[in-house]
Structure formats: structure tokens, C-alpha cells
Amino acid sequence: MEDVKKRKVGEAVGNGETSSSSSSSEEEMRLLLDPLPKPQLVHLLSKLGSQYPSIAEEIRSIASADPVHRKLFVRGLAWNTTSETLCAAFQVHGEIEEGAVISDKTTGKSRGYGFITFKHMESAHNALKAPSKMIDGRLAVCNLACEGLSGASTTPDLAQRKLYIGGLSPNITSEELLKYFEKHGDIEEGSVAYDKDTNVSRGFGFVTYKTVEAAKKAIDDPNKILGGRNIIVKLADSHKGKSLQTQLPTAVVPMALPMAAGYPQPGNAHVVTWFGASGNYLVGLGDGNSLMT
């Protein structure tokens, strides 16, 4: 990238220096640029690209060739979405180089996400202008794969924008759920929760709004009736916390920690560890017959 930049600057400026002088200048530029941090180099290239069209074109060409600007991560897919239907949903934005739904290696079933790589960078940019897309009855969301889950769905205010919707009729579809809640504001993503094996509704779902204000309107709405049923609307995080608090261990398996010579032996109080059904790692005291946390 640095070589390209220096070559283009030389062509654009056209200062008429000799070959040896130009070579010397490039070496000097390399020594000056090597220690610079990435933000400064980005700023410098952006400035040069805005001043010299030939440099801008070279930057675009190099960027478009790199899949990092063309590959999208798509999450929130329906369990029955295939690689073919995923590609079909995105091909409206441009030619697709490759696309696939990721499946579990053991069961062969979808893991609920996939990837799309466009042939041209501009196609990916067009797709990202409307990151939420209805695919097979689910509102899927995409972002650049290099960003992972660091997009809008993991912003600091997510806890105030994502809602848990309970008490749903088994006949309510994701489309009906989203249509009902869109009256309060723009929706980023949302879906009815379906059983992975049977694809039958589990009676609840989630809706994530683009703004905190829209989520508050949905919670404060006094008429929460959908499909002839009174539904529950609350912040998803509050529901999750309640569920964890009500989980009780169904089995406790004690396991004594290794003891060096001279430490209390069975029959006397000693440190033990065990795992609850929830997977928590616990430590307490025991005498070989009972446990005390």
C-alpha cells in the first residue's frame, strides 16, 4: 500500500526528478512512514485520495480486491433457511461470489447464521444500507464479517432496546409479530422463537428497536393484545435475569480438592468444590458427609 501511494503521488505531482533522485525520495518516505500509527496513515491516504483521483482509484481497487470489504455476516436466520435462499435474498444487491448457511457438523442443522461474499465492494455497501432483511419469515441482520458482533446489536444501549415478548399464540408468525410492534418505531431485528428440531413456536419472541424511545413506547402501551391474547412485553435482560434466579440445581457432585500432606483428611472439615446443574463452579467446606457453602 505504501509503495502504491508513493508511486501515485509521484505521478500526480510530476516534479521531474531523476530516477535515482526518485528512488532516494521513496526510501526517505519509507523511513518517515514506517513509525507512524495506523490512524495517521489512514488520514494521510484519505487526504491524498481526495486531492488526486488516480490515488483514490488505486485505493478503491486494492480495497475491493480484499474480501474484508465484501464479506457479510448474516445472523438471525430461520432454522430452515438454506444457502440457496440466503443467496437469493442478497443477490438483489449485486453478483455474489459465494454464500453459505453454517451448519452444525454433527447434526447437519443450521446454526442460525451464515456468510455472503459479494464480487464487488459496492454491492456489499448497498446491502449494508438496509442491514435488516426478512428471510424465510425471520428478520435477519447483516454486517461486515470483519466486525463480528460488534455492530449495532451490541451497542451500549442494547439492553434498553431489546424486548422479550411472552405469551404468544402458537399461530403468531414472525411477520405478524414485527408488524404489530412496528407501530412504536423502526425495528432493527426480531422474531418468534422456534424450536430448532420441530420449527414450532415456543410461545415467545424478541424485538429489538433502533431507539430506546421506541422500546419504551412498546412497554408502556396499555393495550398489549396480539392474536386474541394478552402478551407480556418487558426488557429482555430483565426476563433473562429472572429466569436465572429461578433455576435451582438438580444435582450436586462434590469433589475434594487435592490435598498436600498435613491438610485435614476425610472426617474433618476440608475444602471441596462442586458443580451445580447450571454449570456454576462452587467452593465450600465439608466433612465428607455434608457440605456447607
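**Close-up views of the predicted model**

**View A. Gly190, a buried glycine in strand S7.**
Gly190 has a relative accessible area of 9%, so it counts as buried (buried is under 20% relative accessible area, exposed is over 50%, and partly exposed is in between, using a 1.4 Å probe and protein chains only). This glycine sits in strand S7 (strands are DSSP runs of E with at least two residues, helices are runs of H or I with at least four, and both are numbered from the N terminus). Leaving aside residues up to four places away in sequence, Gly190 touches Leu139, Leu178, Phe206 and Val207 (a contact means heavy atoms within 4.5 Å). Tyr209 is 19 residues away from Gly190 in sequence, and their C-alpha atoms are 8.5 Å apart.

A quick word on the ground rules: this is a predicted model, where local features need pLDDT of at least 70 and side-chain atom pairs count only at pLDDT 80 or more, while totals for chains, interfaces and linings use all residues. Residues are numbered from 1 along each chain as its sequence is written, and side-chain values use heavy atoms, with hydrogens and water left out.

**View B. The largest pocket and what lines it.**
Rolling a probe the size of a water molecule over the atoms shows where empty space is left. Here the largest pocket comes out at about 640 Å³. Of its 24 lining residues, Gly76, Arg138, Lys162, Glu189 and Phe206 are the closest to the centre. For the method-minded: on a 1 Å grid over the protein atoms alone, a pocket is an open set of points with protein on both sides within 12 Å along at least five of seven lines, a cavity is a set where a 1.4 Å probe fits but cannot get out, and lining residues have an atom within 4 Å of a point. Grid points are joined across faces, edges and corners, and the volume is the space filled by probe spheres set on them.

Which strands each supply at least two residues of the lining? They are S1 (71-75), S3 (110-118), S5 (138-144), S7 (187-194) and S8 (201-209). S7 gives the largest share, with six residues. By class, the lining holds twelve nonpolar, six polar and six charged residues (Ala, Val, Leu, Ile, Met, Phe, Trp, Tyr, Cys and Pro count as nonpolar, Asp, Glu, Lys and Arg as charged, and the others, Gly among them, as polar).

**View C. Strand S5 and its two antiparallel partners, S1 and S4.**
Why is S5 largely enclosed by the rest of the structure? Seven of its seven residues are buried. On one pairing, four bridges join S5 to S1, with Arg75 opposite Val141. Another four bridges join S5 to S4, residues 132-135 (strands pair if DSSP finds at least two bridges between them). In this pairing, Met134 stands opposite Leu139 and Lys133 stands opposite Ala140.

In a regular strand the side chains alternate between the two faces of the sheet. S4 does just that: Lys133 and Ile135 point to one face and are buried, whereas Ser132 and Met134 point to the other and are not.

**View D. Two positive-phi residues that are not glycines, Asp136 and Asn199.**
The hairpin of S4 and S5 has two residues between the strands, and Asp136 takes a positive phi near 50 degrees there. Asp136 has 38% relative accessibility, so it counts as partly exposed. Asn199, in the loop between S7 and S8, has a positive phi of about 60 degrees. With a relative accessible area of 37%, Asn199 is partly exposed too.

**View E. Gly227, an exposed loop glycine.**
This residue lies in the loop between S9 (225-226) and S10 (229-230). Gly227 has a relative accessible area of 51%. Even so, Gly227 touches Ser169 and Ile172, not counting residues up to four places away in sequence. Tyr180 is 47 residues from Gly227 along the chain, with 9.9 Å between their C-alpha atoms.

**View F. Two cysteines, Cys87 and Cys146.**
Cys87 is buried at 17% relative accessibility, whereas Cys146 is exposed at 51%. The disulfide count is zero (a disulfide is a pair of cysteine sulfur atoms within 2.5 Å).

**View G. The whole chain, for context.**
The protein chain has ten helices and 15 strands. Of its 293 residues, 32% are buried. Among contacts with a separation of 6 or more, 60% come from residues 24 or more positions apart.
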